[in-house]
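Hi,

Here is the structure I said I would pass on. Have a look at it first, and my notes on what turned up are underneath.

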Amino acid sequence: MFNRDSILSFLDNAFQRIDMPCFGNMNIDYVSSRLSTYRSSDQWLLLFNSVVWWPAGQGLTATVEVVGTGVVGRQGFDNDRFLVPGCIQLDDDQNILSIVIRGEDTNPTSLVIQPNYDVQPEYGFWVSVALAETYKESLLASQAEIQQFIPPGFQHLLTIDEWDHPTWDMPPSRTVAFPRIASVLVTSDPSLWIPVEAPNTHWSHWLPK
């Protein structure tokens with residue numbers, strides 16, 4: 001069985017091993033994220049569902065990272081835990097040639113793209129930010145796509161889009177959010193979740209790097 005302290009200790013260790021998302025990751029930029037919690041009778045897991053800009057990979061990508069005692073396979077990210085929900089094609093002058101989301105063409109003129117190259121030098125990132133403002137639900141991994149990472153017998157308890165994510169100076173146990181999440185997991189009572197006053201999940205908290 002588990003308790004609040006064992007959950008927080010597990011998460012602190014997982015974050016140190018980078019088995020939890022590190023929003024300050026130097027290789028990818030987290031654009032928008034969602035956190036869901038699950039438990040069974042004697043195990044628990046957290047699932048982080050994120051839209052990222054991944055220059056060395058597929059560009060616009062959705063990543064799934066899972067952590068907890070109920071995880072099947074390795075903790076955190078694995079090779080089967082990402083998908084490409086859309087494609088941004090740019091020419092050599094960074095003009096948008098096309099945008100496709102879930103197989104559907106998207107009109108670039110409908111987007112409000114506001115690049116700040118002192119913060120992030122890649123135009124594709126700023127297009128991704130604009131897309132997430134309107135198409136977040138389509139860009140995140142769908143419920144059907146994440147279900148494969150949830151073992152049978154696990155109950156969904158809570159899904160949130162804003163929380164205070166850990167940093168190297170503030171591990172999960174010292175955040176406001178994760179002790180509250182641990183209480184939800186232990187009691188199976190999502191009403192114990194209280195939104196944090198100062199969430200830091202917006203991409204602007206993590207750039208420039």
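**Helix α4 and what surrounds it**

Let's start with helix α4, residues 177–187: 8 of its 11 residues are buried, so the rest of the structure largely encloses it. Before you go further, keep in mind that this is a predicted model. The buried residues of α4 are Ala 177, Phe 178, Pro 179, Ile 181, Ala 182, Ser 183, Val 184 and Leu 185. What do they pack against? Their partners are α1 (4–16) and three strands, β1 (29–39), β2 (44–54) and β8 (155–160). Following α4 comes Ser 188, and its phi is positive, near 60°.

**Asn 200**

Stay on the chain a little longer and you get to Asn 200, which sits in the segment after α4. Is Asn 200 buried or exposed? Its relative accessible area is 11%, and buried means under 20%, so Asn 200 counts as buried. The Asn 200 side chain reaches the backbone nitrogen of His 165, at 2.5 Å. If you leave out residues up to four places away in sequence, Asn 200 touches Trp 163, Asp 164, His 165, His 205 and Trp 206. Two of those names, Trp 163 and Trp 206, come back in the next part.

**Aromatic rings and a cavity**

How many aromatic pairs are there? The count comes to 12. Take Phe 23 and Tyr 30 as one case: their ring centres are 4.7 Å apart and their planes sit at 45°, so this pair is tilted. The reasoning is that planes under 30 degrees apart would be stacked and planes over 60 would be edge-to-face, with the rest called tilted. Phe 23 and Tyr 30 are both buried. Ring pairs also join them into a cluster with Phe 48, Trp 163 and Trp 206.

Some of these residues turn up again around empty space. Searching the whole structure for cavities of 30 Å³ or more gives 1. The largest cavity holds about 40 Å³ of space. Which residues line it? They are Phe 23, Asp 29, Tyr 30, Trp 203, Trp 206, Leu 207 and Lys 209. So that you can find the overlap on screen, colour the ring cluster, which includes Phe 23, Tyr 30 and Trp 206, and then the cavity lining, where Phe 23, Tyr 30 and Trp 206 are again among the residues.

**A network of salt bridges**

There are 6 salt bridges in the structure. Arg 34 is a good place to pick them up. The side chain of Arg 34 meets that of Glu 137 in a salt bridge, 2.7 Å from N to O. This pair links distant parts of the chain, with Arg 34 in strand β1 and Glu 137 in helix α2 (residues 123–139), 103 residues apart. The two partners sit in different settings: Arg 34 is buried, at a relative accessible area of 16%, whereas Glu 137 is exposed, at 54%.

Arg 34 also forms a salt bridge with Asp 161, and here the closest N and O atoms are 2.7 Å apart. Asp 161 lies in the loop between β8 and α4 while Arg 34 is in strand β1, so the pair ties together parts 127 residues apart in sequence. Asp 161 is partly exposed, with a relative accessible area of 28%.

Lys 136 is a further partner of Asp 161, with the closest N and O atoms of that salt bridge 2.9 Å apart. Here the link runs between helix α2, home of Lys 136, and the loop between β8 and α4, home of Asp 161, 25 residues apart. Lys 136 is buried, with a relative accessible area of 16%. Put together, Arg 34, Lys 136, Glu 137 and Asp 161 are linked in a network of salt bridges.

**Val 66**

One last residue to click on is Val 66, in strand β3 (residues 59–67). Val 66 is buried, and its relative accessible area is 2%. Its C-alpha atom is 9.1 Å from that of Ile 150, although the two residues are 84 apart along the chain. Setting aside neighbours within four places in sequence, the contacts of Val 66 are Asp 19, Leu 46, Leu 47, Val 71, Gln 75, Gly 76, Arg 81 and Phe 149.

Cheers

Technical notes
Residues numbered from 1 in each chain as written. Predicted model: local features only at pLDDT ≥ 70, side-chain atom pairs only at ≥ 80, totals over all residues. Heavy atoms only, no water. Phe/Tyr/Trp six-rings, centres within 6.5 Å; stacked < 30°, edge-to-face > 60°. Buried < 20%, exposed > 50% of the residue type's maximum accessible area, 1.4 Å probe, protein only. Helix = DSSP H or I, 4+ residues; strand = E, 2+ residues; numbered from the N terminus. Contact = heavy atoms within 4.5 Å. Polar contact = N/O pair within 3.5 Å; in protein donor to acceptor, adjacent residues only side chain to side chain. Salt bridge = Lys/Arg side-chain N within 4 Å of Asp/Glu carboxyl O. 1 Å grid on protein atoms, 1.4 Å probe; cavity = no way out; pocket = protein on both sides within 12 Å on 5 of 7 lines; lining within 4 Å. Points joined across faces, edges and corners; volume = space filled by probe spheres on them.
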